[in-house]
Amino acid sequence: MHEMSITQSVVEICEKSAEGRRVLSVTLEIGDLSGVVAEAVEFCFEACTRDTLLEGARLVIEQVSGRGECTTCGKGFPVRGYFDPCPACGAYGIRVVSGEELRVKELEVE
């Protein structure tokens, strides 16, 4: 499960940013196209934060929907997969605009 190593990396990033202060909450943005299962990150969070500055911190996950833009006609539309055609013109050349995110959006410290 790669979510365990992702969650460990998130904890490391947060500890570094907290500069020795206890972390009260962490807000993550996880895109629908990122390949990361939000429920698995939630499951791993408690184990990964044990005996760290994040122990007991609240985890908030904001899901980011996939959005794309057609490189042929320029229309924007929701994307659920990388090989979805443009609903306006049927072309397959799309540029993903959002949904690939995996980032620490906000950190609340003491």
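Let's start in the middle of the sheet: I30 has Q63 as its bridge partner in strand 2. Keep in mind that this is a predicted model. The I30 pairing belongs to a set of seven bridges that join strand 1 to strand 2, residues 58–64, with the two strands running parallel. Strand 1 also pairs with strand 6, residues 102–109, again over seven bridges, but here in the antiparallel sense. If you want a landmark for that second pairing, look for T27, which stands opposite E106 in strand 6.

So much for the partners; what about strand 1 itself? How many of the nine residues of strand 1 are buried? Eight of the nine are, across residues 23–31, which leaves the strand mostly covered. As a general point about regular strands, side chains alternate between the two faces of the sheet.

To get from strand 1 to strand 2, follow the chain through helix 2, residues 38–49: strand 1, helix 2 and strand 2 make a β-α-β unit, and it is right-handed. After helix 2 you pass D51, which sits in the loop between helix 2 and strand 2. D51 has a positive phi of about 60° although it is not a glycine. There's a similar case earlier in the chain, in the loop between helix 1 and strand 1, where you find E19. E19 isn't a glycine either, and its phi is positive, at about 50°. These two are worth a glance because most residues other than glycine have a negative phi. Are E19 and D51 buried or exposed? E19 has a relative accessible area of 66%, so it is exposed. D51 is at 69% relative accessibility, and therefore counts as exposed as well.

Now for the packing. The largest nonpolar core has 18 residues, and V26, L28 and L54 are the ones that touch the most other members. Helix 1 (2–18), strand 1 and helix 2 each supply at least two residues of this core. Take L54 and see what surrounds it: leaving out residues up to four places away in sequence, L54 touches V11, C14, E15, V23, V26, F45 and T49. There is also a second, separate core of seven residues, and among its members are L33, C70, V79 and I94.

C70 leads us to the next stop. UniProt, in an unreviewed entry, places the feature "binding site" at C70, C73, C86 and C89. These positions are spread over 20 residues of sequence, yet they cluster in space, with a largest C-alpha distance of 8.6 Å. C70 is found in strand 3, residues 67–70. Its relative accessible area is 2%, so C70 is buried. Apart from neighbours within four places in sequence, C70 is in contact with K75, F77, C86, C89, A91, G93 and I94, so two of the other annotated cysteines, C86 and C89, turn up on the record's list as well. C86 is found in the loop between strand 4 (76–78) and strand 5 (94–98). At 3% relative accessibility, C86 counts as buried. Beyond residues up to four places away in sequence, C86 touches C70, C73, F77 and A91.

With cysteines in view, which disulfides does the model hold? A search of the whole structure finds zero of them. C48 is in no disulfide, and the nearest cysteine sulfur, that of C44, is 5.6 Å away. C48 is buried, with a relative accessible area of 12%. What about C86? The closest cysteine sulfur to that of C86 belongs to C73 and is 3.7 Å away, which is too far for a bond because a disulfide needs the two sulfur atoms within 2.5 Å.

One last stop takes us to the start of the chain. UniProt also lists H2 for "binding site", again in an unreviewed entry. H2 lies in helix 1. Its relative accessible area is 41%, so H2 is partly exposed. Not counting residues up to four places away in sequence, H2 touches G35 and V36.

Notes:
Residues numbered from 1 in each chain as written. Predicted model: local features only at pLDDT ≥ 70, side-chain atom pairs only at ≥ 80, totals over all residues. Heavy atoms only, no water. Buried < 20%, exposed > 50% of the residue type's maximum accessible area, 1.4 Å probe, protein only. Helix = DSSP H or I, 4+ residues; strand = E, 2+ residues; numbered from the N terminus. Pairing = 2+ DSSP bridges. Right-handed = clockwise from strand over helix to strand, strands pointing away. Core = buried A, V, L, I, M, F, W, Y, C linked by side-chain atoms within 4.5 Å. Contact = heavy atoms within 4.5 Å. UniProt positions renumbered as here; feature names shortened; annotations may be inferred.
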